[in-house]
Amino acid sequence: MALTLVIKIGTSSLTDPQTGNLSLSTLALLVEVLSQLRRQGHRVILVSSGAMGVGCSRLGLKKRPRDIALKQAIAAVGQGRLMRIYDDLFSTLEQPMAQVLLTRRDLESRISYLNAYDAFQELLDLGVIPIVNENDTVATDELRRKFGDNDTLAALVASLVEADWLFLLTDVDKLYSADPNRVPDAQPISHVRSLEELTEVEAGEASTWGTGGMSTKIAAARIATNAGVRMVIMQGRYPNQIPRILDGEEIGTQFHPTPRTLNARKRWIANGLVPSGTVILDPGAVKAICDRGKSLLAVGISKVKGRFQSSDAVMICDLEGKEVARGIVNYGSDELDLIKGHRSDEITELLGYEGSDTVVHRDNLVLM
Ligand SMILES: Nc1ncnc2c1ncn2[C@@H]1O[C@H](COP(=O)(O)OP(=O)(O)O)[C@@H](O)[C@H]1O
Ligand SMILES: N[C@@H](CCC(=O)OP(=O)(O)O)C(=O)O
């Protein structure tokens, strides 16, 4: 069966931690494996980090700089170099590839989200392997890590293209109960059936060149598994393990997906949009939206946090602060502060104009 596969490789696997130079053998093996998967008829997308690492090595810098403009410049140097190397390697195997640079913002607008979807489908139909990275040179929010990292981006891409599998290739072979580089008796975890099982896991720091460590990989797992994508964390030095995993071997940490129940628009609401604020619900309202599939009404809102406009995305949380849903609001935060706790037939008088009956209509609401 032809599968859609998203493979993400982190800086820690692409570069030598001592010298910062590219690990050519890993890269060559990765390219070989991906080309082989393509020839077997699978649809393959590579999400590759490394622009900063390669840029630093090219410019002789021994540490990641902190200055944002300098980071932008370095990523611009490194990205070109990285693509040149990928193109040389893929061309040797007669496998066409393409560069796709994305920012988190590109996935926020429904139009550019759909444009990205169309472009990926066209590339995959043409048999091309798209190589995705954050557009670091312009996306300073990403460089500041306000929005995420390539683990999140890979999960968003996997959700966008409705991938069957997402492989995160890194410099450890599995997820452990704690960072195995710091805690020698950390226990390996082979299967994660629900992310609730991971409350005890210490998802600590990244390696020298990586970003986010395991915490961004667990965040990626939340997006991927909710979108019906099976995710694996595995050792990046052995990309040849990917076909073995597809054949059913138990390698790495496998995160089991939830059934794919959300339509494309709801997946965009859940994953593409970045929430601008939070609304806190009373227990009755949580029940109404979670158990009875109702729209969210003002009467069930206890508190409003953050500043947002109507049509923005918000997190919808219970009184303990646990996110139960996400949705697009019909009111801004100032209006919601006035109408929260009130019945819908009081809204016109409270606001002085006729507004929507619902705060979040059920078509715009996704349970988390
Ligand atoms: N619970 C954990 N299990 C495994 N590795 C962990 C854990 N917590 C932190 N880490 C660290 O995460 C690092 C991988 O993350 P990172 O450096 O961001 O990789 P990448 O560049 O592949 O994205 C590992 O080197 C490891 O030290
Ligand atoms: N876009 C950045 C990578 C950011 C990132 O998430 O890095 P990593 O944790 O190594 O996957 C780059 O190409 O250097």
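## A tour of two helix contacts and a ligand site

Start by selecting helix H8 (residues 150–160) and helix H11 (residues 264–272): their axes come within 10 Å and cross at roughly 175°. An angle over 145 degrees counts as roughly antiparallel, so H8 is roughly antiparallel to H11. Keep in mind as you look around that this is a predicted model.

Now show the side chains where these two helices touch. On the H8 side, pick Leu 156, Ser 159 and Leu 160; they meet Arg 267, Asn 271 and Gly 272 of H11. If you colour this contact by residue class, you will find 2 nonpolar, 3 polar and 1 charged.

Next, keep H8 on screen and add helix H6 (residues 110–125). H6 and H8 pack with their axes 10 Å apart, at an angle of about 75°. Angles of 65 to 115 degrees count as roughly perpendicular, and H6 and H8 are therefore roughly perpendicular to each other.

Which residues of H6 meet H8? Select Tyr 113, Ala 116, Tyr 117 and Phe 120 in H6, and you will see them against Val 157, Ser 159 and Leu 160 in H8. Colour by class once more: the contact of H6 with H8 has 6 nonpolar residues, 1 polar and no charged. Notice that Ser 159 and Leu 160 appear here and also in the contact with H11.

For the last stop, leave the helix pairs and centre the view on ligand 2. Show what surrounds the ligand: 15 residues do, and the closest are Lys 8, Thr 11, Ser 49, Glu 134 and Asp 136. By class, this shell holds 2 nonpolar, 8 polar and 5 charged residues. To see which elements contribute, highlight helix H3 (51–58) and strand S4 (129–134), each of which supplies at least two residues of the shell.

Then try the distance tool on three atom pairs:

- Lys 8: a polar side-chain atom lies 2.5 Å from an oxygen atom of ligand 2.
- Met 52: a polar backbone atom is 2.8 Å from an oxygen atom of ligand 2.
- Glu 134: a polar side-chain atom lies 2.6 Å from a nitrogen atom of ligand 2.

How much of the accessible area of ligand 2 does the protein cover? Switch on a surface to picture the answer: of the 380 Å² that ligand 2 has on its own, the protein covers 98%.

Key: Residues are numbered from 1 along each chain as its sequence is written. Chains are lettered from A and ligands numbered from 1 in the order in which they are written. This is a predicted model: local features need pLDDT of at least 70, side-chain atom pairs count only at pLDDT 80 or more; totals for chains, interfaces and linings use all residues. Side-chain values use heavy atoms; hydrogens and water are left out. A residue is near a molecule or strand if one of its heavy atoms lies within 4 Å of it. A polar contact is a pair of N or O atoms within 3.5 Å; within protein, one must be able to donate a hydrogen and the other to accept it, and residues adjacent in sequence count only if both atoms are side-chain atoms. Accessible areas come from the Shrake-Rupley method with a 1.4 Å probe; for residues, only the protein chains shown count as cover. Helices (H or I, at least four residues) and strands (E, at least two) are DSSP runs, numbered from the N terminus. Ala, Val, Leu, Ile, Met, Phe, Trp, Tyr, Cys and Pro count as nonpolar, Asp, Glu, Lys and Arg as charged, and the others, Gly among them, as polar. Axes are lines fitted to C-alpha atoms, for helices over the stretch in contact, and angles run from 0 to 180 degrees between N-to-C directions. Angles under 35 degrees count as roughly parallel, over 145 as roughly antiparallel, 65 to 115 as roughly perpendicular and the rest as oblique. Contact means heavy atoms within 4.5 Å.
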